[in-house]
Amino acid sequence: MSVRRPEDLTILVVEDYEDTSLAMRLALERKGYHILEASDGAQAVEVAARERPHVILMDLNLPVLDGFAAAERVRSNPELRETVIVAVTAHHEPDLRARAVAAGCNAFVTKPVDFEWLGDLISNLLP
């Protein structure tokens, strides 16, 4: 497995709450990542197809198209099949993790996000 530096990686943050999106973007930019943003699931699918990020941090409770459906659509794009998708949610219900994995997510994290731990997770998930 090759180790990639944060400045070599693009992360798409998909979050409908502006304050949460801003906090995530700022924390990740401080670590050196290049950040893209989307505020709903449909927009996430469009941005992912156009920009081909290395990682998508996908909130599950989104307007227009929820995070589960958005992850499934990303996975259905042959050019994005290897993109790492991390489900992000404030909910802790055990069935959400199974649904996220079934939709194509590689990992599941709960809010508030520990960005030190997230950086390690991303490094471990990248090919």
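From the N terminus on, the elements of the protein chain follow the order β-α-β-α-β-α-β-α-β-α. The model described here is predicted. Its protein chain contains 5 helices and 5 strands.

The overall dimensions were computed from the C-alpha trace, which spans about 30 × 30 × 25 Å along its principal axes. The radius of gyration of the protein chain is 13 Å, which agrees with the value near 14 Å that a compact globule of 127 residues would have. Of the 127 residues, 46% count as buried. Among contacts between residues at least 6 apart in sequence, 60% join residues at least 24 apart. The protein chain exposes about 6700 Å², and carbon and sulfur atoms supply 49% of this area. The chain carries 13 positive and 21 negative charges, and the mean positions of these two sets are 5 Å apart.

The interior was examined next. The largest nonpolar core has 24 residues. Leu12, Val14, Ile56, Met58, Ile85 and Ala100 have the most contacts inside this core. Two or more residues of the core come from each of strand E1 (10–14), strand E2 (34–38), helix H2 (41–51), strand E3 (55–59), helix H3 (67–76), strand E4 (84–89) and helix H4 (94–103). The most is given by H3, with 4 residues. A second, separate core has 21 residues, including Tyr33, Val55, Leu57 and Leu118.

Ile56 illustrates the contacts of a residue in the largest core. Not counting residues up to four places away in sequence, Ile56 touches Leu12, Val14, Ala48, Val74, Thr83, Val84, Ile85 and Val86.

Individual positions in strands E1 and E3 were then considered. Thr10 is found in strand E1. With a relative accessible area of 15%, Thr10 is buried, because the cut-off for buried residues is under 20%. Outside the residues up to four places away in sequence, Thr10 touches His34, Leu36, Pro53, His54 and Val55. Asp59 is placed in strand E3. The relative accessibility of Asp59 is 4%, so Asp59 counts as buried. Leaving aside neighbours within four places in sequence, Asp59 is in contact with Val14, Glu15, Asp16, Gly67, Val88, Thr89 and Lys111.

Two helix residues are partly exposed. Glu72 is in helix H3, and its relative accessible area is 46%. The C-alpha atoms of Glu72 and Val45 are separated by 9.5 Å, although these residues are 27 residues apart along the chain. Leu125 is found in helix H5 (residues 115–125), and its relative accessibility of 27% counts as partly exposed. Not counting residues up to four places away in sequence, Leu125 touches Val84, Val86, Asn106 and Ala107. Leu125 and Ser76 are 49 residues apart in sequence, and their C-alpha atoms are 19 Å apart in space.

Several backbone features fall in loops. The peptide bond from Lys111 to Pro112 is cis, with omega near -5°. Pro112 lies in the loop between strand E5 (107–110) and H5. Lys111, on the other side of this bond, is among the residues in contact with the buried Asp59.

Positive phi values occur at two residues that are not glycine, Arg52 and Val64. The phi of Arg52 is about 50°, and Arg52 lies in the loop between H2 and E3. Arg52 is partly exposed, with a relative accessible area of 45%. The phi of Val64 is about 70°, and Val64 lies in the loop between E3 and H3. At 69% relative accessibility, Val64 counts as exposed, because this value is over 50%.

Methods. Residues numbered from 1 in each chain as written. Predicted model: local features only at pLDDT ≥ 70, side-chain atom pairs only at ≥ 80, totals over all residues. Heavy atoms only, no water. Core = buried A, V, L, I, M, F, W, Y, C linked by side-chain atoms within 4.5 Å. Buried < 20%, exposed > 50% of the residue type's maximum accessible area, 1.4 Å probe, protein only. Contact = heavy atoms within 4.5 Å. Rg over C-alpha atoms; globule rule 2.2 N^0.38 Å. Areas by Shrake-Rupley, 256 points an atom, 1.4 Å probe, with all protein chains shown as cover. Lys, Arg positive; Asp, Glu negative; His and termini not counted. Charge placed at Lys NZ, Arg CZ, Asp CG, Glu CD.
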